Amino acid sequence: MHCHLDAVLCTSFSSKITSSRRPLYLNFALNATYFPTEDYYDYIVVGGGTAGCPLAATLSQTFRVLVLERGGVPYGNQKLMNQEGFLTALTEVDTYDCPAQTFTSEDVVLNARGQVLGGSSAINASFYSRADPEFYASSGVDWDLSLVNQSYDWVEKGAVFRPELKNWQSAVRDALLEAGIDPYHGFSLEHLVGTKIGGSTFDSSGKRHRAADFLNYAKPANIKVAIYASVERVLLASSSKVMSRLSAIGVVFRDEMGRYHHAMVKEKGIPVVYHHPNEGQFVYDNLRNGISILPPIPLEYSLIQVAGITEMGAYLEAASNVVPFTTPSRSVFVRPPSSPLLLTVATIMEKIVGPISTGSLRLASTNIRVNPIVRFNYFSNSRHGEMCERFVGPSLPVDQSNYEMMANFASVPVVDGSTFTISPGTNPQATVMMLGRYVGMRITKESD
Ligand SMILES: Cc1cc2nc3c(=O)[nH]c(=O)nc-3n(C[C@H](O)[C@H](O)[C@H](O)COP(=O)(O)OP(=O)(O)OC[C@H]3O[C@@H](n4cnc5c(N)ncnc54)[C@H](O)[C@@H]3O)c2cc1C
């Protein structure tokens, strides 16, 4: 069993979070085995990930909130702290407690997702860049753009930094400009056509910040975070007012000892609607092409820091890693070296805006450790008309004030990367974090 993190409520908070200091959220993050078999909250956030953490921190200012996260805490895990650990965290996935869970789609493409507090923001390539204006215009959502900007600002004040470019990233920046991807914007978090240095969630001392850090902004008296808590079921019941209308009244989660707990919503429940016929459909993966080279001189580690954004919607990014290579042990001609050969691999990547082909996802089990069955159908459809489909499900109704249409559309409230119409900007995490804050603020305002 994992160690018990003492539940000492903190009383003070300093605004800028330094990564070397023990994070305040450890004061209210507890192993799920210590939770009662039943308890009541105003809001239950399933998944303490990139969107879940800022959402929970925001809601906790006004409401009593429970976060249920199937993984542990990232703090103290060296692989997750610096750029050098990036590949290791994605490849060492055999242990029960590993922060990344890999899965292979039916198209035989390897993928990863976070299973740790902070979610995929704790294992990703750290590049931070806001969404493109087109993302808001085509999403079918009536955004409060001033609140969107405030939410981005809130996210960025503690977790986003200007990276220092070294050889490879500087060379890529110069090459992009030479190739005509201009103008040059220098450092910018905005989505701008041309070449820019984007934000990084690694600070100037090389330490990673991730969504779990937003929990340091939570109101400690109002929040509990259960780690190693796997949610297996959402409990639904008819609301008293409209018998046919279902509400989510709680969830069932399992701790690592296999014991079940009920976390219930205090008030009427959260309204949900009927089974959605398109559930699990229209899933897509943003295509990425890459060229990797073995440079003759060693290069420093670098995850994505520079982006070239073209008018036609192609995005260029780069990384450099040191990768261990081993000779197959049965080789007749080459005697295998006793330790693997460390080679620098420099990669240039290209992504294309929006979904081009869509696939599907279905659960293989309610056990979160069993991967779902995913097929992205890469290259099955080259029509750009499909770029406006949702990640999961069809586009939102045009008239969102029509309750019946919205009711038939929605399901249990989802705030995460799966809800976007198109992938926002060059990379999604900035907007996923913003969305957590944004939705938390909207819920709080609407309850006034
Ligand atoms: C290797 C990699 C590199 C990437 N690089 C970048 C990058 O450089 N820049 C960028 O912008 N984006 C990047 N991304 C994408 C970005 O990180 C994700 O889009 C984003 O983090 C998704 O956020 P989310 O909130 O939707 O999900 P997550 O952050 O994955 O959060 C989901 C959380 O829910 C938990 N959970 C799931 N099911 C349950 C359950 N049943 N019970 C309890 N808990 C549960 C998970 O453990 C996880 O913590 C990368 C992604 C990966 C995998």
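UniProt positions are given in the numbering used here, and such annotations may be inferred rather than shown by experiment. Keep in mind, too, that this is a predicted model.

**View A. The annotated binding site, gathered from along the chain.** An unreviewed UniProt entry marks Glu69, Arg70, Val116 and Val231 with the feature "binding site". These residues are spread over 163 residues of sequence, yet they cluster in space, with a largest C-alpha distance of 13.9 Å. The next two views pick out Arg70 and Val116, two of the residues named in that record.

**View B. A look at Arg70.** Here we're in the loop between β4 (65–69) and α2 (78–81), where Arg70 is found. Is Arg70 buried or exposed? Arg70 has 26 other C-beta atoms within 10 Å, so it counts as buried, given that 20 or more is what it takes. Leaving out residues up to four places away in sequence, Arg70 touches Gln115, Tyr228, Ala229, Ser230 and Ile368.

**View C. A look at Val116.** Val116 sits in the loop between β6 (110–114) and β7 (127–128). Val116 counts as buried because 29 C-beta neighbours lie inside 10 Å. Again setting aside residues up to four places away in sequence, Val116 touches Gly71, Gly72, Pro74, Pro99 and Ala122.

**View D. Helix α5 and its two faces.** This helix takes in residues 145–159, 15 residues in all, and reaches 21 Å from its first C-alpha to its last, close to the 21 Å expected at 1.5 Å a residue. Which residues of α5 are buried? They are Ser151, Tyr152, Trp154, Val155 and Ala159. These buried residues cover an arc of only 155° around the axis, so they end up on the same side of α5. That buried side packs against α1 (52–59) and α8 (429–447). Turned away from it is a face carrying the exposed residues Ser146, Asp153 and Lys157.

**View E. The β18–β19 hairpin.** Strands β18 (residues 306–309) and β19 (residues 314–325) run antiparallel and are joined by two bridges. One pairing to look for is Ile309 with its bridge partner in β19, Tyr315. Four residues lie between the two strands of this hairpin, and Gly313 in the turn has a positive phi of about 90°.

**View F. On from β19 to β20.** Follow β19 across to β20 (residues 341–352) and you'll find 12 bridges joining this antiparallel pair. Among the facing residues, Glu317 stands opposite Met349 in β20.

Conventions: Residues numbered from 1 in each chain as written. Predicted model: local features only at pLDDT ≥ 70, side-chain atom pairs only at ≥ 80, totals over all residues. Buried ≥ 20, exposed ≤ 12 C-beta atoms within 10 Å, placed from the backbone. Contact = placed C-beta atoms within 7 Å. Expected span 1.5 Å × (residues − 1). Arc of directions from axis to C-beta. Pairing = 2+ DSSP bridges.
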